[in-house]
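Visitor: I have never read a protein model before, and I would like to learn how to go through one feature by feature. Could you guide me?

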Amino acid sequence: MESKYSNDWLRRKIATDPDEDPEAGPSVLPVILAAGRASAHPESFAVAGERTGVPMRIALGVLVRQLRSDAGLTIAELAVRADISEEELRCVEHDPHYTARARLIHQLSAYFSVSLTMLSQMAGATHEVDRVLFNESVRFAARSDDVSTLTAEDRATLHAFVALLNERAKG
Amino acid sequence: MKELLRSVVLLNRRSKEFEDAQVFRELDQKNFDDFEKLWKPLLKARRDEFDTWEAAAEGDAQDSHWKWAKKAAEALASLGRDETYALECAGETQGLMLVKTSAFARLDVQRGRDLVYIELLATAPWNRPRLVKAEARYKGVGRVLVAEAINLSHHLEFNGRLALHSLPQSESWYRDIAKFTDLGYDEEKEMVYFEVTEAQAAAFLAG
Amino acid sequence: MTLMLSDKEMSLLDRLSESRGMSKTALVRQALRLYQSVTERLEAGEKVFVEKPSTKEKTELMVL
């Protein structure tokens with residue numbers, strides 16, 4: 001890319017500029033703090049934020065609904081068996097702006113044998129989000145229809161996704 | 001891919017000599033390591049912005065600067081974005097810039113026209129007299145990066161048009177030294193908004 | 001890649017590049033960047049709105 005300024009111009013101007021250099025945008029420390037941990041794993045992590053939160057929660061909702069459907073349970077039945085609140089369960093399944101509490105995630109993870117770390121990331125409870133998890137979650141949610149009964153194909157997709165989650169959690 | 005754009009100069013405040021520096025497009029792990037290992041400890045130790053951030057983080061979750069910082073961090077953390085720039089000298093990251101190329105002018109004379117928006121422009125803490133007083137090392141990081149943003153604007157055929165939001169301590173630089181247009185306090189960003197016309201960009205680079 | 005544009009589309013491209021003061025190539029590149037930016041937001045589950053400042057009335061720009 002061609003330059004519209006020369007180093008001679010820089011020398012002349014910098015010499016006479018005031019002591020303090022200008023900056024723009026927000027203070028850099030919060031930016032560094034937020035980006036810091038993610039940068040240690042540039043290939044796999046993104047900083048959790050507005051762009052990742054909603055799609056992940058949509059995927060979480062679909063996952064929970066399908067796991068429940070696969071087990072042949074109503075919301076009331078699952079709530080009793082997993083010892084969680086019906087109300088909260090409903091919110092997780094349908095409201096992508098709802099922040100699930102740690103206990104609920106823990107109970108669901110234990111009941112359905114799905115990785116707790118992966119579910120926590122999907123719920124938006126972590127600072128970082130695994131990129132592969134993010135992409136696979138979005139893909140999983142997009143592939144799933146919002147029907148109460150699962151076809152054999154749906155089941156296969158569901159089980160493959162769960163297997164991926166548990167595999168990813170190990171690595 | 002991180003790409004060397006050009007070789008520039010920065011003034012070493014102590015030796016009073018100009019030194020060679022490099023402008024890169026896109027960041028790499030080395031830049032992130034510098035932010036983490038070199039910039040952060042000094043910023044935290046001097047507790048300049050840290051107090052503001054901490055207060056903001058503990059207090060109002062709606063703080064526009066904190067939300068903005070998180071968004072900028074997301075953009076930075078997505079490696080491979082060619083809207084990021086690094087300025088290196090003596091083997092260390094001296095400056096950082098993040099720009100947006102899908103942005104539009106508000107100033108009447110160029111309303112709706114495409115421009116390059118400087119999302120973030122920061123110089124390493126050791127270059128800031130306000131933070132480190134007499135120990136400040138290099139001068140000129142801000143000028144180089146603003147000039148580079150004008151280069152990008154020309155490259156995209158926006159003829160040098162720019163926009164940015166300024167922290168209070170930089171306002172007079174943009175208004176009086178660079179002679180950019182002050183469009184006033186932006187309620188949403190809680191900072192003063194500046195725009196640069198084609199003529200102003202040309203005047204900035206002249207002389 | 002050769003763009004197959006209709007007369008109407010070419011005429012629109014001419015008008016836009018004239019009013020925005022950019023070459024047609026630069027304009028098409030910018031259009032791509034804009035489209036990419038919108039796509040990223042939509043794929044992330046965000047919505048894109050247009051707002052009328054005088055009334056604060058919002059209209060959703062596109063739905064995926």
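Guide: Let us begin with a pair of helices, keeping in mind throughout that this is a predicted model. Helix H5 (residues 141-155) of chain B packs against helix H7 (residues 198-205) of chain B, with the two axes 11 Å apart and an angle of about 130 degrees between them.

Visitor: What does that angle make H5(B) with respect to H7(B)?

Guide: An angle over 145 degrees would count as roughly antiparallel and one of 65 to 115 as roughly perpendicular, with such a case as this falling among the rest, and therefore H5(B) is oblique to H7(B). The crossing in which H5(B) passes H7(B) is left-handed.

Visitor: Which residues of H5(B) and H7(B) meet there?

Guide: On the H5(B) side you will find B:Ala147, B:Ile150 and B:Ser153, and they meet B:Ala201, B:Phe204 and B:Leu205 of H7(B). Sorted by class, the residues of this contact are five nonpolar and one polar, with no charged residue.

Visitor: How should I read a second pair, H8(A) and H9(A)?

Guide: Follow the same steps: helix H8 (residues 131-143) of chain A and helix H9 (residues 152-170) of chain A have axes 11 Å apart and pack at an angle of about 170 degrees, and H8(A) and H9(A) are therefore roughly antiparallel to each other. From H8(A) the contact takes A:Val132, A:Leu133, A:Glu136, A:Phe140 and A:Arg143, while H9(A) supplies A:Thr157, A:Phe161, A:Leu164 and A:Arg168. In this contact five residues are nonpolar, one is polar and three are charged.

Visitor: How are the strands of the sheet in chain B ordered?

Guide: As a general idea, the strands of a sheet pair through backbone hydrogen bonds, and they may do so in parallel or antiparallel fashion. In chain B, nine strands form an open sheet with mixed pairing, in the order E6-E1-E2-E3-E4-E5-E7-E9-E8. Strand E6 (138-139) and strand E8 (181-186) of chain B each have a single partner strand, so they stand at the edges, and one side of each is left without a neighbour in the sheet.

Visitor: How many bridges join E8(B) to its neighbour E9?

Guide: Four bridges join E8(B) to strand E9 (residues 191-196) of chain B, and the two run antiparallel; B:Tyr185, for instance, stands opposite B:Val192 in E9(B). Packed on the sheet is helix H1 (residues 29-46) of chain B, which touches strand E3 (84-89) and strand E4 (92-104) of chain B, and whose direction makes about 115 degrees with that of E4(B).

Visitor: What is there to notice about the phi of B:Ala90?

Guide: Most residues other than glycine have a negative phi. B:Ala90 is not a glycine, yet has a positive phi of about 50 degrees, and you can find B:Ala90 in the loop between E3 and E4 of chain B. B:Ala90 counts as exposed because there are 12 C-beta neighbours inside 10 Å.

Visitor: Where does B:Lys133 lie, and is B:Lys133 buried or exposed?

Guide: B:Lys133 lies in the loop between helix H4 (129-132) and E6 of chain B, and is exposed, with 9 other C-beta atoms within 10 Å. The phi of B:Lys133 is also positive, near 55 degrees.

Visitor: How many residues of chain B are in contact with chain A?

Guide: In chain B, 61 residues are in contact with 37 residues of chain A. Helix H3 (residues 64-77) of chain B gives the most to that side of chain B, with eleven residues.

Note on methods: Residues are numbered from 1 along each chain as its sequence is written. Chains are lettered from A and ligands numbered from 1 in the order in which they are written. This is a predicted model: local features need pLDDT of at least 70, side-chain atom pairs count only at pLDDT 80 or more; totals for chains, interfaces and linings use all residues. Two residues are in contact if their C-beta atoms, placed from the backbone, lie within 7 Å. Axes are lines fitted to C-alpha atoms, for helices over the stretch in contact, and angles run from 0 to 180 degrees between N-to-C directions. Angles under 35 degrees count as roughly parallel, over 145 as roughly antiparallel, 65 to 115 as roughly perpendicular and the rest as oblique. A crossing is left-handed if the near helix is turned anticlockwise from the far one by less than a right angle, and right-handed if clockwise. Ala, Val, Leu, Ile, Met, Phe, Trp, Tyr, Cys and Pro count as nonpolar, Asp, Glu, Lys and Arg as charged, and the others, Gly among them, as polar. Two strands pair if DSSP finds at least two bridges between them. A residue is buried if 20 or more other C-beta atoms lie within 10 Å of its own, exposed if 12 or fewer, and partly exposed in between; C-beta atoms are placed from the backbone.
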